[in-house]
Amino acid sequence: MIPIRYVEPVYRPPSEAESLILPVTDGCSWNQCTFCEMYTAPQKKFRARSEAEVLDNIRALGARYGSQLRRIFLADGDALVLPTRRLLNILAAIREHLPAVRRVSSYCLARNLAKKSVSELQALAAAGLGLVYLGAESGDDEVLAAVNKGETYATTLDALEKLGAAGISRSVMILNGLGGQSLSLQHAENSARLINAAQPEYLSTLVVSFPLGEARFRAGFPNWEPLEQPALFAEMRHFISALELRRTVFRSDHASNWLILKGTLGADKARLLAEIDAALAGQTPLRPAWARGL
């Protein structure tokens, strides 16, 4: 049994499937994005876990699995909201008690990096924080305001540039269809502009979806109309076509995606565009990933 107190539901990025999830906070410190339902349950109200509890967890993990664990994901929604001193203590404990760990990662809100200097982030990188997942969602200020993201193009880019300057790898997420029909074009163009400016190491796209219903989302974006499959693909094509990346690993393989796309941008840009064109031409079965058991 893993000696950790989890508060369900627990989330992590798809690429952290083999990582040990170590909660250092519960919930999300912002938790006002109208498209996100991950931390809306009452038990997921934001709180920072006590440093004593987290360090006790790490010591217990070390006693049981010290030579086995290779990756750790710091949960929940934005571990980097914690003070740098506390994060450094957590990373030091991981080094001491879990010496086989080769990568520590976490989600991150751009707003929380406004409070941290590049030198603080460099200290976190030196202590073992190697990868941060940042949900940009869009590079378009009108879309960001409509979904109450609490960020702008400028604040998101500033956070990504700080992480890059500190030597922390960045995995950026964009939400396909977030702007709906009316803002689709500018959503694609300005999201590509953001990614081009940041040049992140990793990039992924998901399709906006509402398992619990659209009421919360539409309260702030009443004229939003969803994109049908062809329009989602067309928006994705416009986005990728506008990307000018040197070496970014790209994945569009989340359960929400209707078309699985994988490659490195820009080396695979032409191939990825051809795959989208084939889907638009009806040569690819238009079924979502979850319907194909992925």
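Modeller: Let us begin with one term: the radius of gyration is taken over C-alpha atoms, and the globule rule for it is 2.2 Å times the number of residues to the power 0.38. One thing to keep in mind from the start is that this is a predicted model.

Biologist: Thanks! What radius of gyration does the protein chain have, and what would a compact globule have?

Modeller: A compact globule with 294 residues would have a radius near 19 Å. The protein chain has 19 Å, so the two agree. You can also picture a box: along the principal axes, the C-alpha atoms fill roughly 55 × 40 × 40 Å.

Biologist: How many helices and strands should I look for in the protein chain?

Modeller: Look for ten helices and ten strands.

Biologist: How do I read burial and contacts for the whole chain?

Modeller: A residue counts as buried when its relative accessible area is under 20%. Here 53% of the 294 residues meet that description. For contacts, consider pairs with a separation of 6 or more: residues 24 or more positions apart account for 79% of those contacts.

Biologist: And what share of the accessible surface belongs to carbon and sulfur atoms?

Modeller: That share is 54%, out of an accessible surface of about 12900 Å². While we are on the whole chain, there are 33 positive and 30 negative charges, and their mean positions are 7 Å apart.

Biologist: Now the inside. Which residues have the most contacts inside the largest nonpolar core?

Modeller: First the general idea: in soluble globular proteins, nonpolar side chains tend to be buried together. In this model the largest nonpolar core has 61 residues, and L22, I94 and F239 have the most contacts inside it. Helix α6, residues 153-166, provides the largest share of this core, with six residues. There is also a second, separate core of 26 residues, including Y39, Y133, L175 and F210.

Biologist: Which residues is F239 in contact with, beyond its neighbours within four places in sequence?

Modeller: Its partners are I174, A188, S191, A192, I195, L203 and T205. Try selecting them around F239 in the viewer.

Biologist: Is S106 buried or exposed?

Modeller: S106 is buried, because its relative accessible area is 0%. You will find S106 in strand β5, residues 103-108. Setting aside residues up to four places away in sequence, S106 touches F73, L74, A79, L80, L129, L131, V132 and Y133. Y133 is a residue we met in the second core.

Biologist: Could we compare that with strand β10?

Modeller: Gladly. Strand β10 covers residues 261-265 and holds L261. L261 has 1% relative accessibility and therefore counts as buried. Among the residues it touches are M236, I240, F250 and I276. L261 and I276 are 15 residues apart along the chain, with their C-alpha atoms separated by 8.5 Å.

Biologist: What about G263?

Modeller: G263 lies in β10 too, and it counts as buried because its relative accessibility is 8%. It touches T248, V249, F250, R251, D268 and R271, not counting residues up to four places away. For a longer span, take G263 and S182: they are 81 residues apart along the chain, and 29 Å separates their C-alpha atoms.

Biologist: Where is W258, in the loop between which strands?

Modeller: W258 sits in the loop between β9, residues 248-252, and β10. With a relative accessible area of 25%, W258 is partly exposed. Its C-alpha is 7.8 Å from that of Q229, although their positions lie 29 residues apart in sequence numbering.

Biologist: Last topic: the backbone. Which residues does a cis peptide bond with omega of about -5° join?

Modeller: That bond joins E8 and P9, and P9 is in the segment before β1. Another cis peptide bond, with omega about 5°, joins A75 and D76. D76 belongs to the loop between β4 and α2.

Biologist: And where is E137, which has a positive phi although it is not a glycine?

Modeller: E137, with phi of about 70°, lies in strand β6, and its 10% relative accessibility makes it buried. N148 also has a positive phi without being a glycine, about 55°. N148 lies in the loop between α5 and α6, and is partly exposed at 31% relative accessible area.

Terms used. Residues numbered from 1 in each chain as written. Predicted model: local features only at pLDDT ≥ 70, side-chain atom pairs only at ≥ 80, totals over all residues. Heavy atoms only, no water. Helix = DSSP H or I, 4+ residues; strand = E, 2+ residues; numbered from the N terminus. Buried < 20%, exposed > 50% of the residue type's maximum accessible area, 1.4 Å probe, protein only. Contact = heavy atoms within 4.5 Å. Areas by Shrake-Rupley, 256 points an atom, 1.4 Å probe, with all protein chains shown as cover. Lys, Arg positive; Asp, Glu negative; His and termini not counted. Charge placed at Lys NZ, Arg CZ, Asp CG, Glu CD. Core = buried A, V, L, I, M, F, W, Y, C linked by side-chain atoms within 4.5 Å.
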